[in-house]
Amino acid sequence: MLQTERLANDPAGLRRAAELLAGGGLVAFPTETVYGLGADARNDRAVARIFEAKGRPRFNPLIVHLPDIETARAYGQFDDHATRLAQAFWPGPLTLVVPLRKGSGLSPLVTAGLDSVALRVPGHPVAQALLTAFGGPLAAPSANPSGRISPTRASHVLDGLSGRIDAVIDGGECEVGLESTILRTADGPPALLRPGGIPAEAIEACLGIPLAPDSTAADECGQPKPDAPGQLASHYAPRAMIRLDAIAAAPGEVWIGFGGQAGGAAFNLSPAGDLVEAAANLFHMLRQADALAGPEGRIAVAPVPDRGLGRAINDRLRRAAAPRD
Ligand code: TXA
Ligand code: MG
């Protein structure tokens, strides 16, 4: 077993992180969405270790993190839509799936052999500092064991991956708390592959056209998107079973409320009914409720409005509540 180093967010910590990455190591780092598990995206062995550490069942494609748009252009081809979106939302919680540039030098494991690549320029200062110190592209999925709740604090990363990765940089709590919005751009209107930290409404307002419905999108587990909610793959799952749209707790349930009508709830995603606050709290409160519920326990979650960031919150909740294998 590895001794996972907990690195401070200071020049010495960043130097150590860059050195570990250059040697093919795995370093978890904060982004504004969730903590990522980073590896050199050009190094096959390092990328393979990501799948091993997460216990991912399949080699599904990973997001490549870069410091700016100019660098991103070396890896993918940007059409007008992609350029406009990158200019509007980068750095930030947006991932663009664009045609892969030939001779990009990326490990084929990063793209799972596809001819497209997922690119993101994170805004978090620690992620930016790490990209600068390392000086190359970082492949980084969320830093959690496959199928479990994504980490929004360094302690969450260690809870799931301690002894399996080389280091984590402690950068405090993630501000957005939900993964990036993923869009595919290539001929025609961009398609939403995953709702996330930037609401679809904001993207449509930027483009001035509606997003395309996408039936071929891969979900979080790399599976084609199922058409019925009952077929959703389990993901972001706590140990406890989850009941959604709960307007009150049943006996024995730990209730996570939302808004002002949640008297008696153990936790409240946002007493004021603010979706930004709720997104930032979601994964941490699921973990806290899971700890309180215990191994055989049950969690109930109040309804969350299905607009703006609420769509991404509900997407994660549906997957957390999906039937498990
Ligand atoms: O906020 C985030 O996006 C975080 C932080 C660390 O940046 N990362 C993250 O990565 O959520 P991950 O691996 O958990 O999710 C990546 C998603 C997967 O659903 C994968 O299938 C999709 O991106 N993806 C990656 N490359 C793709 C491609 N070429 N085509 C379609 N989907 C792709
Ligand atoms: Mg993930």
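Two residues are in contact when heavy atoms of theirs lie within 4.5 Å. The exercises below use a predicted model.

**Exercise 1. Buried face of a helix**

Task: State which residues of helix α8 are buried, where they sit around the axis, and which elements they pack against.

Solution:
- Step 1. Helix α8 spans residues 200-207. A residue counts as buried under 20% relative accessible area. In α8, A200, I203, C206 and L207 are buried.
- Step 2. These buried residues cover an arc of only 120° around the axis, so they lie on the same side of α8. An α-helix has 3.6 residues a turn, so residues three or four places apart point the same way.
- Step 3. The packing partners of the buried residues of α8 are two helices, α4 (80-89) and α10 (309-320), together with the strands β5 (94-99), β9 (181-184) and β10.
- Step 4. Just after α8 comes G208, with a positive phi of about 75°.

**Exercise 2. A residue of α10**

Task: Place L309 in its element, decide whether L309 is buried or exposed, and list what L309 touches.

Solution:
- Step 1. L309 belongs to helix α10, one of the elements against which the buried residues of α8 pack.
- Step 2. The relative accessibility of L309 is 10%, and therefore L309 counts as buried.
- Step 3. Not counting residues up to four places away in sequence, L309 touches L178, G196, G197, I198, P199, L275, V276 and A279.
- Step 4. For a distance along the chain, take I169: L309 and I169 are 140 residues apart, and their C-alpha atoms are separated by 27 Å.

**Exercise 3. The shell around ligand 1**

Task: Describe the residues around ligand 1 and find the polar side-chain atoms that approach oxygen atoms of the ligand.

Solution:
- Step 1. There are 23 residues around ligand 1, and T33, H65, S116, S180 and R194 come nearest.
- Step 2. By type, the shell divides into 11 nonpolar, six polar and six charged residues.
- Step 3. An N or O atom in the side chain of S180 is 2.5 Å from an oxygen atom of ligand 1. For R194 the corresponding distance is 2.9 Å, and a polar side-chain atom of R120 lies 3.0 Å from an oxygen atom of the ligand.
- Step 4. On its own, ligand 1 has 680 Å² of accessible area, of which the protein covers 98%.
- Step 5. Two or more residues of the shell come from each of β4 (63-65), β6 (116-120) and β10 (191-194). The largest share, four residues, is that of β6.

**Exercise 4. A residue of β6**

Task: Determine whether A118 is buried or exposed and name the residues that A118 touches.

Solution:
- Step 1. A118 lies in strand β6.
- Step 2. Its relative accessibility is 13%, so A118 counts as buried.
- Step 3. Leaving out residues up to four places away in sequence, A118 touches L62, I63, V64, T95, L96 and V97.
- Step 4. P99 is 19 residues from A118 in sequence, with 8.9 Å from C-alpha to C-alpha.

**Exercise 5. A buried glutamate**

Task: Work out which polar contacts the side chain of E253 makes.

Solution:
- Step 1. E253 is in strand β12 (residues 253-257). Because its relative accessibility is 12%, E253 counts as buried.
- Step 2. The side chains of E253 and R243 are joined by a polar contact of 2.8 Å.
- Step 3. The E253 side chain also reaches the backbone nitrogen of A250, at 2.9 Å.
- Step 4. Beyond its neighbours within four places in sequence, E253 is in contact with R243, A248, R298 and A300.

Notes: Residues numbered from 1 in each chain as written. Chains lettered and ligands numbered in written order. Predicted model: local features only at pLDDT ≥ 70, side-chain atom pairs only at ≥ 80, totals over all residues. Heavy atoms only, no water. Near = heavy atom within 4 Å. Polar contact = N/O pair within 3.5 Å; in protein donor to acceptor, adjacent residues only side chain to side chain. Areas by Shrake-Rupley, 256 points an atom, 1.4 Å probe, with all protein chains shown as cover. Nonpolar A, V, L, I, M, F, W, Y, C, P; charged D, E, K, R; others polar. Buried < 20%, exposed > 50% of the residue type's maximum accessible area, 1.4 Å probe, protein only. Arc of directions from axis to C-beta.
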